[in-house]
Amino acid sequence: MRAAVVAIVGRPNVGKSTLFNRLVGKRKAIESSVPGTTRDRIYDNAVIGDFTVMLVDTGGIESGHSPKVSYRKSSIESNVQEQSKLAIDGADVIVFVVDVREELTSEDFHAADLLRRSKKPVILVANKCDNSRFEEARFNFYELGFGEPVALTALHSFGIDELEDRISEKLQGLEVVKGEAPEEEEGRVRIAFLGRPNVGKSTMINALFGKKMVVVSEVPGTTRDSTEIPFEYKEIPFTLIDTAGIRRRGKVEKGIEKYSILRSMSSIDQADVCVLMLDFEEGVTMQDCHVSQYILEQKKGLILVLNKIDQFSGKEREVAEHMAIHELQKKMDYLPWAPVVFSSALERKNIFQILELAKEVYDERKKEIPEEDLRIWLSHALKKHPPRGTRGKQRFNVLSVRQDGVQPPTFVFSCEWPEIMHFSYGRFLENELRSSFGFTGTSMRLIFRKPGDRGTHKKSRAVHSDD
Ligand code: GDP
Ligand code: GDP
């Protein structure tokens, strides 16, 4: 079962990212967010009514084939239509935001037409109602054809409750959030390929599905538009989660796949290991950072694949690989643990290495560390870098650690005054865990709580590797 996708669309400056942060912020506050998490996100989970959804600010998604120009920076005014197409293809509920202080433009009307024709559930939001213009503007909004808009002030949370109610109402009827979770077969690696349009995903999948692998059968996934393809490689069972239809696409029509970004994003929820493909020549884009952050947030395994290495050869290639690693270390410094593969899907170079790595990552995610080993590890770690941090008479200290789960590996640290721990200490402990026990290629969860505290999120601090 995947989380429903709720997409926010609208012209620049209407308040999309403010609204995004407002909806996500509630959960972050509960989880006691720590410095470093406030990166500009465009995908994140939000709790809306009884649902946890994947919320997307489509204004931050880069346009298909111009990788280094994000919509936000672009001067192209048609972007609300592009956003609408992305949302129509991949979202379950669409929140269409307009600014109450501005006249509706032809852009708004064009986008509204697209959205209406798609028959997707759309909620119209009139933002910036902090002055009394709403009543005057109300009738204009009806012209967009979505009925009564929600009057909102994203800046101060006015109207947020009503918006959440309206979203919940739309979500109630959706199969995606109610469907049964698939039976997860022990030992079967669930893998998803992600990446911007044109990085070579469908070429890669078709290359992988060449001679060496046996496709058992294609079964419809648990959700609309999703396909799960069980296959075997060297007797290792895998399931390809192909929510975006990339396997078939190579043969079928091109063009619309540009809009499947949100669909492929939602396959993250259903995968154990995500393969994020980047174009070797183009390097790391903002979009890649956004996607990798979401993978981290979902606590999945991750392999980075730099594709199209065939475009370089000899010394030039060596230098380019070196520079690519350097760029990754700089731009994705929050995931030093993700393995990197240089591949050519076109020439079938290093492609099976991805599957072998995926199996390794899968095993790492299931690894259990014996209690005694953890105890010894902790005493070494604490000696190496004693816990620090005081507030008045309160003094942060770590008393013990235990593993609380796998997939992702989860460790609970019993602490005195966890609330005053500096986030860098959490990062230190994670690095130490990794250097002693591995966990290559997987996110992990570290929880810091008081002794005996079963820990609701309110009391404990979940420190993630992206924090
Ligand atoms: P986006 O481009 O649609 O993502 O818009 P932003 O969220 O970046 O907001 C654009 C500007 O509008 C920012 O200066 C926000 O502070 C402001 N803004 C957002 N929501 C509101 C609101 O409810 N009232 C007012 N007065 N300003 C708002
Ligand atoms: P997708 O949109 O990510 O699925 O990308 P495609 O698989 O459709 O590939 C986009 C274009 O890149 C096509 O013209 C491919 O032939 C080309 N391509 C894919 N992989 C490689 C590669 O490894 N090397 C080179 N040179 N081109 C590639």
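The following exercises, each with a worked solution, concern aromatic contacts and ligand 1 in a predicted model.

**Exercise 1.** Determine how the rings of Tyr233 and Phe352 are arranged and which elements the pair ties together.

*Solution.* A search of the whole structure finds 13 aromatic pairs. For Tyr233 and Phe352, begin with the distance: the ring centres are 5.1 Å apart, and the cut-off for a pair is 6.5 Å. Next, take the angle: the planes stand at 15°, whereas stacked pairs require under 30 degrees. The pair is therefore stacked. Then locate the residues. Tyr233 belongs to strand 10 (residues 227-233) and Phe352 to helix 12 (residues 352-365), so the contact ties together parts that are 119 residues apart in sequence. Finally, both Tyr233 and Phe352 are buried.

**Exercise 2.** Classify the aromatic pair of Phe411 and Phe439, and state whether each residue is buried or exposed.

*Solution.* The centre-to-centre distance between Phe411 and Phe439 is 5.8 Å, and the angle between the planes is 75°. An angle over 60 degrees counts as edge-to-face, and the pair of Phe411 and Phe439 is of that kind. Turning to position, Phe411 lies in strand 18 (residues 410-416), while Phe439 lies in the loop between helix 14 (423-437) and strand 19 (445-449); the pair therefore ties together parts that are 28 residues apart in sequence. For burial, the limit is under 20% relative accessible area. Phe411 has 0% and is buried; Phe439, at 0% relative accessibility, also counts as buried.

**Exercise 3.** Identify the residue that lies over the face of Phe439, and the members of the aromatic cluster that includes Trp377.

*Solution.* Lys367 lies over the face of Phe439, at 5.2 Å from the ring centre. The cluster consists of Trp377, Phe413, Phe437 and Phe448.

**Exercise 4.** Describe the surroundings of ligand 1: its shell, its polar contacts and its cover.

*Solution.* First, count the shell: 16 residues surround ligand 1, the closest being Asn13, Lys16, Ser17, Thr18 and Asp130. By class, the shell comprises 4 nonpolar, 6 polar and 6 charged residues. Helix 1 (residues 16-30) gives the most to this shell, with 3 residues.

Second, examine individual contacts against the limit of 3.5 Å for N or O atoms. A backbone N or O atom of Gly15 lies 3.0 Å from an oxygen atom of ligand 1. Lys16 places a polar side-chain atom 2.8 Å from an oxygen atom of the ligand, and Asn127 places a polar side-chain atom 3.2 Å from a nitrogen atom of ligand 1.

Third, assess cover: on its own, ligand 1 has 570 Å² of accessible area, of which the protein covers 76%.

How values were computed: Residues are numbered from 1 along each chain as its sequence is written. Chains are lettered from A and ligands numbered from 1 in the order in which they are written. This is a predicted model: local features need pLDDT of at least 70, side-chain atom pairs count only at pLDDT 80 or more; totals for chains, interfaces and linings use all residues. Side-chain values use heavy atoms; hydrogens and water are left out. Rings of Phe, Tyr and Trp (its six-membered ring) pair if their centres lie within 6.5 Å; planes under 30 degrees apart count as stacked, over 60 as edge-to-face and the rest as tilted. Helices (H or I, at least four residues) and strands (E, at least two) are DSSP runs, numbered from the N terminus. Buried means under 20% relative accessible area, exposed over 50%, partly exposed in between (1.4 Å probe, protein chains only). A charge sits over a ring if NZ of Lys or CZ of Arg is within 6 Å of the ring centre and within 35 degrees of the ring normal. A residue is near a molecule or strand if one of its heavy atoms lies within 4 Å of it. A polar contact is a pair of N or O atoms within 3.5 Å; within protein, one must be able to donate a hydrogen and the other to accept it, and residues adjacent in sequence count only if both atoms are side-chain atoms. Accessible areas come from the Shrake-Rupley method with a 1.4 Å probe; for residues, only the protein chains shown count as cover. Ala, Val, Leu, Ile, Met, Phe, Trp, Tyr, Cys and Pro count as nonpolar, Asp, Glu, Lys and Arg as charged, and the others, Gly among them, as polar.
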